[in-house]
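Let's work through two helices together, one step at a time. Have a look at the model first, then try each exercise before reading its solution.

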Amino acid sequence: MIVLIKTLLIGLISIGMSDIREPCPSTDGMTVVFCFRGDIWEAPMAGGIMRCLVPGESTETSPCYSPDGRFIAFTSSRTGGGDVYIMDTSGGISTRLTYHAGLDRVFCWSAASESVYFQSSREGGSSWVYSVPVTGGTPSPVARVETENICLLPDGMAIERGFTSWWRKHYSGSASRKIWTGSGTDWVLLVDSELDSRWPMYSALNDEILFVREDSEGHAAIWSMQTGGEPLQRTFLTDGDITFPAINSTGRTVAFEFNGGLYSLNVPDWSISEVPLVPGSDFPFPLEYGESVGFSTDCFDIDSSGTQIAVVGTGDLFVGTLEDDNIENIVQIYAGAWRAGDPVWSPDGMTLVFSLEHDGSVQLARSFSEHQDSLLANSTFPETDMLSTGSDVAREPEWAPDGERISYLDGDSRLHVFNVITGHDSRICDTPDIIHHSWSPDSRWLAFSVPVLAHREEIFIVPSEGGEPRNISRHPNDDFQPFWPCDGRRILYASRTDDGDYSIRQVWFSREAWDSDNDEREELLDQPLERVDIEWDGLQRRTETLCTVEGYYDFYGASPDGRTIALPGWDDKGRMDLWTVDWRGESLQRVTYSGEYPEEILVNDEGDIYYVSISGSVRKASTDSGISGSLGWHMPVWRSITEIQAQKFDEAWRLLRDNFYDSAMHEVNWDSMRIMYRERAVSSVINEDFNDVVRRMLGELSASHLGIYGPWNFNSTPASGSIGIIPDCSWAEPGILVDSVIPYSPADLEDSRLYPGDIIISVHGMDIGSEGNLYRALLQRRNRITRLRISRSGDLLDIDIEPVSVWAIERLVYDEWIERNRREVARLTGGRVGYLHIPSMSNRSVENFLVDLFAEGLESDGMIIDIRNNEGGSTHDDIIRELGRPIYMYSTDRYGNITFEPLGVWQKPLVLLINERCYSDAEIFPGGWKQMDLGPLVGETTYGAVIGTSDVTLVDGTGFRVPGTGWFTLTGENLENSGVEPDIHVPELPADAGQNIDRQLEAAAATIMDLI
């Protein structure tokens, strides 16, 4: 049944209160400040009208009253990644206190209200606790320990350490959040539990530390605990979780978020009240607005005559005519709340079929001119109807050459064929997870590619009426994207290796064509077959490689006759551009040279190439002249923020429903999650609030590799420069006293070297020290010659120095950490053991690993391999191959020099260092190491975050992660939420942080010495 539609509508959605975040009660408990719509607001604790204190386009977070009630501190993105500001509680102009790239996130105030404590990553430390005076000046570290949240205690502080996201639920493992109490190098674990303990708060009323932890029903509740006592559950709310709690300085009032609303908790009777709120101001921006689309093209298609083009931008679909390399006479096919995509022209160019995603489903629609025998692009009011395919998901349609049928993929990526004349829908085969498909020119066959070995695809052919698919590639590479030229005598596909070789391959269906020379084949191609017959015997042997370039999983384009293939390829500078090759495998040439990163490549029989460039524009190129221009197009559309948010939410929810690696969704009722979170997400009119609501839904799955981010906006705020010194924070005199210098930083170069004991008086004419902020003076000084005035042994000197980026300094700090570890291993083992670190499971890391394995291990009796803090990738097997292959033979020369085969394989004792920050592929690697018994594992159990994932974009460019592949041991244990256990357990203690103490490394050195 085909349903006629004139206009596509989405139900009206009321705008209620979106999620309240990070509330903080005042000292007297009468008012509360919190984040709402990206701004800082204040309201009576009893409820009522909200007042916006910090409006604007930037995002403000972490508001906090000073104990004396005079100020509110907060973090604002208005000047970069996030800096600390303070303002009077009555409102007014705020004062900026920090000046540094990255995020400075407010924690709390000092007890005397003279300084603000915040989290920051600066030279020498990651996520340490810093303080900055309200009068300004250079911040100084308070606790040299990585932490997420803190509260001050009478004799120190409580800190929250761990690595799980705030929105994740039900995690129990080595990376869970734990609360420690103490100061300096003396820290004690508050509660020994594998469950997350978050948001420590202190109440002096009963000398108790309050925190959030899940209860026996899995709901995040507030607990309290006295020193030496047992934790007591204080709240018992159901059907939701408590997040972002904060306590006032008297310890009597706690404010927190629950199910998107604001609540208060009274101490010590533990009574809970909801705080009803009414926004006291209008939206600072329109909820409906007009804009022009076309600056970026999502996808496009050109009809067989080269006359009409269909273009999609931000989910809206238009068609126009191609005239003199321009798009003219643009007609709107669909613009609205739903997301259009996958446009494909019928063989006669009279009908356009496309997908429409909405309300958690994807349907096919078709559009045609209101006048019979008239082109769609010449239509004023095109007709559009929906195709009733019988599947709630129907995507990536392809027209059969007979013009009567359309193939598509359903929610499980199984292949269907829909007859547009009869309305009959049939599933062609039971194979799930199909990625690409293509029709034979006689419409009798369909070719498709599907993974058969993990990510490695193979090419199959199946009758279009249904039947058993047959593998025609049978190749160890990743073979994908089959394409059927109109001659019917062969098929093309792409093939890649994990090492980065990208090839175009060609299979001939008959022995006659295979045995022919190129001139004879040319004659055969000039005689297209009316009926495609395939000689199955020996088919795999009739495969040839047309070309090989450096590439990855990228999609090529081919002309309908299959004589010209355009493909993406990388050059030696890491730029991806457009290349072409002909059907003979000859004339491989580069077409563009400017790093085009071509996508959606389409080639016509004349050799014209169309593609979407990295800029998002549709461009035309040819082998003769390179790029010949951009096909610009722009059309006005009307937007509704609430409709966009609804569409994004439904897309995110459906993508996980159809693609999450566990079809049981970790035993979560996924339909109920849509009901629970959709209205909250739609009411979130700014993207960061929307993303946080979606994150809460993701957290219900208790899984890794989930996430939502962006869409990003360009930030033109001033960049920080860094010179590479560690200040002595005990210095109380004018200037900055240099405690130490980071090796190879600007402060360690011959012409600009600084020494411990130097005092920096000013930076480019700006005084620094207790009142002048060093980092403010370094704003906009990156890669610019900057004059320092210093005092050295009582003499004043001027030194010119060129600051570098914060990230360059971080790399140098990492390099120094590696060198320090090597020196320590050499000291502990008498120089007998080598050391190397693998920071990620990437191709570059594998290259560095092979170099280090040879350089550090050539004259060593053993090797410590360190993968701590490794966030994963996909190269575990490349490393294991170099460590796990047995020796099978050796050779010798006349001088008696013996060489074992295979070359370069390590055969001496090994120890592997792991910790709770080993993530993803950095857990598959130690899991494989353990299975192959390559040596002892030392350290902490890995995170337990092992799912293969992919990144997609939602309708407005928001990034979204879809974990689709689980990993298991040979005994069937899921590595997700379990991790890899060490043989020798050595936890990392906060007392060692910032002290250059590494007990895990010491244990690894002792272990390997026992093996030598």
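**Exercise 1.** Why does the distance between the end C-alpha atoms of helix H4 (residues 670–682) agree with the span expected at 1.5 Å a residue?

**Solution.** Before starting, note that this is a predicted model, in which local features need pLDDT of at least 70 and side-chain atom pairs count only at pLDDT 80 or more, while totals for chains, interfaces and linings use all residues. Residues are numbered from 1 along each chain as its sequence is written, and side-chain values use heavy atoms, leaving out hydrogens and water.

Step 1: the expected span of a helix is 1.5 Å times one less than its number of residues. Step 2: H4 has 13 residues, so it should span 18 Å. Step 3: its end C-alpha atoms are 18 Å apart, which agrees.

**Exercise 2.** Which elements do the buried residues of H4 pack against?

**Solution.** Step 1: list the buried residues (under 20% relative accessible area, 1.4 Å probe, protein chains only); among them are Trp670, Met673 and Tyr677. Step 2: look for contacts (heavy atoms within 4.5 Å). The partners are strand S24 (253–258), helix H3 (641–659) and helix H5 (687–699).

**Exercise 3.** Where do the buried residues of helix H8 (residues 843–857) lie around its axis?

**Solution.** Step 1: Ser845, Val846, Phe849, Asp852, Leu853 and Gly857 are buried. Step 2: they cover an arc (of the directions from the helix axis to the C-beta atoms) of only 125°, which puts them on the same side of H8. Step 3: the face turned away carries Arg844, Val851, Phe854 and Ala855, which are exposed (over 50% relative accessible area).

Methods: Helices (H or I, at least four residues) and strands (E, at least two) are DSSP runs, numbered from the N terminus.
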